[in-house]
Each structure stands twice: as structure tokens, then as C-alpha cells.
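This report sets out the secondary structure, packing and burial found in a single protein chain. The sequence and the coordinates are shown first.

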Amino acid sequence: MLKEERHKLILNELDTTGLFDLKAFSRAYEMSEMTLYRDLQYLETTGKLIRISGGAKLLPIDSCVVCHKQPQSKRQRITLHLISGVEKKACCAHCALIYLEKHMKEVQQILGTDFLMDTTVNVKRANFVIGANLPHFCCDPSVYLFSECKIATQFTKGFGGRVLSLEKAIEEVSEVMSCCKHTKK
């Protein structure tokens, strides 16, 4: 059976049942578990599913490309438009930075929302406040997005943290998270 046919069968199984049991599917279709495992790995990289012990499950439509959580706040969500035409979501700027560390060359455009102004921001030109003393919406360390450096700096005077460019923010978060499971993606 061709790879594309297997992928359709796997995704159909997920659409029908919500779960994919690797061993049961392997027996039912007389396919190698290793082949199916590789198929699941590939389908996970395309954002169609998440692998779990013994198989896979469907990802919620808006789940984060890094931690698979649902965004807690519209102001935190980041949308990554890839060169391939695929759109991926990050639940927060923190997860977006982790993703960008390894996949920046694949990304055409990154859009987020200014934390205070609630306006759309081109993340490549944004200012990031890392480590502010606010309750965490999502991941730690907290990362907040601002379109203007002046406003980001004023924000840090009240809530602490540091203002960084995209490149410096990626370095900072990847350094802090170097031992974290997120960096495996």
C-alpha cells in the first residue's frame, strides 16, 4: 500500500473514532508497526495528529504546534504562516519562540496581537517582554508581545522583565528551555 493511502486510512480512522490504535490497525490491515509508526511521525509533523502511547489522537483545530494546549487568550495566540502554505498556531509567544528556534527558515509570516493595544503585530518586527511579574497566562517564562519598543519599555517599568528583539528573545527562551521537552520538537 502506498504511503498516501496509509495516511488517508490513518486519518479516516482518527476522524471516525478519535483514536488510532497502532497494534490493532497493524493487525487489521496486515501492515508493519514500524511503517505505521513512521507514518504517525510524519503526520504529527504536519500538525494532523499527536502521537500517544500505542498510537495517536486528533489534535484540536487550534492547538499549539509546540505544547498542544489550546490558547488561553486571544492576546497570547501567534499564527505562523509557512512558506509551504500551511498555517500553524502557537498558544503563546513563548511557544512561538521555541518553534521559531528550529523552523525559522520555513516561516513566511508570523502574526500576533499586541498585549496592551490588542492590535495585530508582525512578530518579526515586534518587541518581546520576557520575565514580567504577572500571573502566567500560559508558559514559563512569560513572554509578552508589543508592537512599539517605547510601550514595551514602559510596561517593564511597572511589571519588570526585559525588552528583546525577536532574535534575542529566541536565544533567551531556548537557553532557559534547553532542558525542557519542548525543545525536542
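The sections below treat the helices, the sheets, the nonpolar cores and one buried threonine in turn. The model is predicted.

**Helices α1 and α3**

Helix α1 comprises the 15 residues 3-17; at 1.5 Å a residue these should span 21 Å, and the end C-alpha atoms are indeed 21 Å apart. Its buried residues are Arg6, His7, Ile10, Leu11 and Leu14. They cover an arc of only 130° around the axis, which places them on the same side of α1. The face turned away from that buried side carries Glu4, Lys8, Asp15 and Thr16, which are exposed. The cover over the buried residues of α1 includes β1 (19-21), α2 (22-29), α3 (33-45), β2 (49-52) and β3 (55-58). After the helix comes Gly18, with a positive phi near 85°.

Helix α3 has 13 residues, and its first and last C-alpha atoms lie 19 Å apart, close to the 18 Å expected at 1.5 Å a residue. Thr35, Leu36, Asp39, Leu40, Leu43 and Glu44 are buried in α3. Among the elements covering these buried residues are α1, β1, α2, β2 and β3.

**The sheet of β5, β4, β6 and β7**

Four strands make up an open antiparallel sheet in the order β5-β4-β6-β7. Strands β5 (87-90) and β7 (120-122) each have a single partner strand and stand at the edges, so one side of each is left without a neighbour in the sheet. From one strand to the next, the twist averages 25°. Strands β6 and β7 run antiparallel and are joined by three bridges; Leu111 has Asn122 in β7 as its bridge partner. Helix α4 lies across β4, β5 and β6 and runs at about 20° to β4.

**The sheet of β9, β8 and β10**

A three-stranded open sheet has the order β9-β8-β10, with antiparallel pairing. Its edges are formed by β9 (143-146) and β10 (162-164), each with a single partner strand, so one side of each is left without a neighbour in the sheet. Neighbouring strands are turned against each other by 30° on average, direction ignored.

Strand β8 (residues 127-130) is joined to β10 by three bridges, while β8 and β9 pair over four bridges, also in the antiparallel sense. The table lists residue pairs from these two pairings.

| Residue in β8 | Opposite residue | Strand of opposite residue |
|---|---|---|
| Phe128 | Leu164 | β10 |
| Phe128 | Leu145 | β9 |
| Ile130 | Arg162 | β10 |

Is β8 covered on one face or on both? Both faces are covered: Asn127 and Val129 are buried on one side, and Phe128 and Ile130 are buried on the other.

**Nonpolar cores**

The largest nonpolar core contains 34 residues, and those with the most contacts inside it are Ile78, Leu80, Cys95, Leu97 and Phe128. At least two residues of this core come from each of β4 (78-82), α4 (93-103), β6 (107-113), β8, β9 and α6 (166-176). The largest share, seven residues, is supplied by α4.

Which residues does Leu97 touch, leaving aside those up to four places away in sequence? The contacts of Leu97 are Phe128, Val143, Leu166, Ala169, Ile170 and Val173.

Another core, of twelve residues, lies apart from the largest one; among its members are Leu14, Leu43, Leu49 and Ala56. Two of these residues have appeared above: Leu14 is buried in α1, and Leu43 is buried in α3.

**Thr113**

Thr113 is found in strand β6. Is this residue, Thr113, buried or exposed? Thr113 has a relative accessible area of 9% and is therefore buried, the cut-off for burial being under 20%. Not counting residues up to four places away in sequence, Thr113 touches Lys74, Arg75, Arg77, Asp118, Thr119, Val121 and Leu145. Of these contacts, Leu145 also stands opposite Phe128, in β9.

Notes: Residues numbered from 1 in each chain as written. Predicted model: local features only at pLDDT ≥ 70, side-chain atom pairs only at ≥ 80, totals over all residues. Heavy atoms only, no water. Pairing = 2+ DSSP bridges. Axes fitted to C-alpha atoms, helices over the stretch in contact; angles between N-to-C directions. Expected span 1.5 Å × (residues − 1). Buried < 20%, exposed > 50% of the residue type's maximum accessible area, 1.4 Å probe, protein only. Arc of directions from axis to C-beta. Contact = heavy atoms within 4.5 Å. Core = buried A, V, L, I, M, F, W, Y, C linked by side-chain atoms within 4.5 Å.
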